[in-house]
Amino acid sequence: MNVSQAEFQNMKEEIVKDMISRLMEERSLSLQQAFDAVYTSRLFEKLSDPKTGLFFQSSGYVYSYLIEELDRIK
């Protein structure tokens, strides 16, 4: 399925917004900490590449990979 650049960007931003919100809620991170965790993750790099198709997945699914990555770093 082909999507426009604007559609891709919107879908990616919705996932990022959800992940940041969940990090704040579930991990008690501040807004800045949550932003940093998401935007500096390897997962964000993959999410930013439309070829991976991650933007088609649910935010919960993508979030689970972010949590795995963050837990490995600790």
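**Helix packing and two loop serines**

Reader: Is serine 28 buried or exposed in this model?

Author: The model is a predicted one. Serine 28 lies in the loop between helix 1 and helix 2. Over 50% relative accessible area counts as exposed. Serine 28 has a relative accessible area of 62%, so the residue is exposed.

Reader: What is the phi of serine 28?

Author: Most residues other than glycine have a negative phi. Serine 28 is not a glycine, yet its phi is positive, at about 55°.

Reader: Are helix 1 and helix 2 parallel, antiparallel, perpendicular or oblique to each other?

Author: The axes of helix 1 (residues 5-26) and helix 2 (residues 31-39) come within 9 Å, crossing at roughly 130°. Angles over 145 degrees count as roughly antiparallel and those from 65 to 115 as roughly perpendicular. Helix 1 and helix 2 are therefore oblique.

Reader: How many nonpolar residues does the contact of helix 1 with helix 2 have?

Author: From helix 1, Val16, Met19, Ile20, Leu23 and Met24 meet Leu31, Ala34, Phe35, Ala37, Val38 and Tyr39 of helix 2. No residue of this contact is polar and none is charged; the nonpolar ones number eleven.

Reader: Which backbone oxygen does the side chain of serine 41 reach?

Author: Serine 41 sits in the loop between helix 2 and helix 3 (42-47). Its relative accessible area is 4%, so serine 41 is buried. Leaving aside neighbours within four places in sequence, serine 41 is in contact with Leu66 and Glu69. At 2.7 Å, its side chain reaches the backbone oxygen of valine 38.

Key. Residues numbered from 1 in each chain as written. Predicted model: local features only at pLDDT ≥ 70, side-chain atom pairs only at ≥ 80, totals over all residues. Heavy atoms only, no water. Axes fitted to C-alpha atoms, helices over the stretch in contact; angles between N-to-C directions. Helix = DSSP H or I, 4+ residues; strand = E, 2+ residues; numbered from the N terminus. Parallel < 35°, antiparallel > 145°, perpendicular 65-115°, else oblique. Contact = heavy atoms within 4.5 Å. Nonpolar A, V, L, I, M, F, W, Y, C, P; charged D, E, K, R; others polar. Buried < 20%, exposed > 50% of the residue type's maximum accessible area, 1.4 Å probe, protein only. Polar contact = N/O pair within 3.5 Å; in protein donor to acceptor, adjacent residues only side chain to side chain.
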